[in-house]
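I opened this model to take notes on its pockets and its strand pairing. The entries follow in the order I looked things up.

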Amino acid sequence: MRVPLFGKLLAAFLALSLAPLVWFGVDASRRIERLGREGMERAGAALDEKARQALEIQALGLAEQVARFLEERVQDVRTLAALPKRPEAFAALARARTGILWRRRLDGRGRPVQARDRVPVYTELAWVGPDGRERFRLDRGEPVPRGALRDVSRPEGTTFGTERYFAEAAALPPGEPWVGHLVGRHVSKPEQLAGADSVEAAVGGAEYDGHVRFALAVRDAGRLVGVVAAAVDQRHLQEFSQHVLPLSRERVVFPSYRSGNYAFLLDDRGWIIAHPKLWDLPGLGPDGNWVPPYTEASPPEVVALGRIPFRLDLAGFVHPNYPLVLDEV
């Protein structure tokens, strides 16, 4: 069938007029899609920046709280140095220094409950003579019998058999306090979980038994009179990070470890010293030696048992940001 000339002209006209419209339509659609994608990316970047700033503010606020707490401990050893060297004087300060531990535990019927317990800040307060022997010591505010006093001039005589605070505090310039690193008994994964399948579900397992010690030498006319020592319960440091939800004002009794939405504290060497997983904390094993940190060479059976305290400078194989965080801090 022959197509009339008018039909041919109409078809040609439509083709010539519609082709640009189709091209412009496709191009406009691509442009809108690109602009929308770029807008979403810019909005996402702006939100990421806001989130980063909010996290920085939250971390700075938390760090300032920890700094105030530690500065108060320095002031306490200065107070102890000035007090009469009698157990009752040290006991009065011990009673005045308590804090709330918000934690999960089992009640008398073995049911999991939340509890807010007031607990002494100090596990130990002691007055040590110039010979390195304790003249008296309070354990959690209670005086220990004379027969339980120790010679702390040697590490073996200290609580965990590793501390050198007496000699090192005595060697510092007058008035300068000595501050130790975290020392305690390592808690393995099975000990904390107590049969549970995750830290979120674990209640009634082992708690970390350890401290950070402060000490100050007392002198009279340049002569060493003795050393005051105060050991801060690690659980009070744990309180600062344990209940934090990043980017939220909400506080929880225990964070969601699986979500990765939690906070932790590390020391100047890169050891994690407060963390929902207690087996990440440095500590001494049953043999009295330090449990080695987690590395690529850690045996699988040791990893499975959770005998793997975490040191950020050695954890780049887990995530490259870990040593970077330590370097940046």
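How does the lining of the second largest pocket divide by class into nonpolar, polar and charged residues? I counted 10 nonpolar, seven polar and six charged residues there. I note at the outset that this is a predicted model.

**Second largest pocket.** I looked up its volume and got about 430 Å³. I then listed its lining: 23 residues, with Arg103, Arg104, Glu207, Gln242 and Leu278 the closest to the centre. I checked which elements contribute, and strand 1 (98–106) and helix 5 each supply at least two residues of this lining.

**Largest pocket.** I turned next to the largest pocket, which holds about 1,600 Å³ of space. I found 49 residues lining the largest pocket, and Ala59, Leu62, Ala63, Phe264 and Leu265 lie nearest its centre. By class I entered 30 nonpolar, 10 polar and nine charged residues for the lining of the largest pocket. I traced the lining to its elements: helix 1 (5–82), strand 8 (209–220), helix 5 (234–242), strand 10 (265–266) and helix 7 (321–328) each give at least two residues. Helix 1 provides the largest share of the lining of the largest pocket, with 16 residues. I marked helix 5 for supplying at least two residues to the lining of the largest pocket and at least two to that of the second largest pocket.

**Strands 3 to 5.** I followed the strand pairing from strand 3 (residues 122–128) to strand 4 (residues 134–139); the two run antiparallel and are joined by five bridges. Within this pair I noted that Ala126 has Arg137 of strand 4 as its bridge partner. The two strands form a hairpin with five residues between them, and in the turn I read a positive phi of about 90° for Gly132.

I then moved on from strand 4 to strand 5 (residues 142–143), also an antiparallel pair, joined by two bridges. Here I found Leu138 opposite Pro143 of strand 5. Strand 4 and strand 5 form a hairpin with two residues between them, and Arg140 in the turn has a positive phi of about 50°.

**Whole chain.** I recorded seven helices and 11 strands for the chain. Of its 329 residues, 39% are buried. For contacts with a separation of 6 or more, I noted that 56% are between residues 24 or more positions apart. I closed with the accessible surface, about 18,800 Å², of which carbon and sulfur atoms account for 58%.

Terms used. Residues numbered from 1 in each chain as written. Predicted model: local features only at pLDDT ≥ 70, side-chain atom pairs only at ≥ 80, totals over all residues. Heavy atoms only, no water. Pairing = 2+ DSSP bridges. Helix = DSSP H or I, 4+ residues; strand = E, 2+ residues; numbered from the N terminus. 1 Å grid on protein atoms, 1.4 Å probe; cavity = no way out; pocket = protein on both sides within 12 Å on 5 of 7 lines; lining within 4 Å. Points joined across faces, edges and corners; volume = space filled by probe spheres on them. Nonpolar A, V, L, I, M, F, W, Y, C, P; charged D, E, K, R; others polar. Buried < 20%, exposed > 50% of the residue type's maximum accessible area, 1.4 Å probe, protein only. Contact = heavy atoms within 4.5 Å. Areas by Shrake-Rupley, 256 points an atom, 1.4 Å probe, with all protein chains shown as cover.
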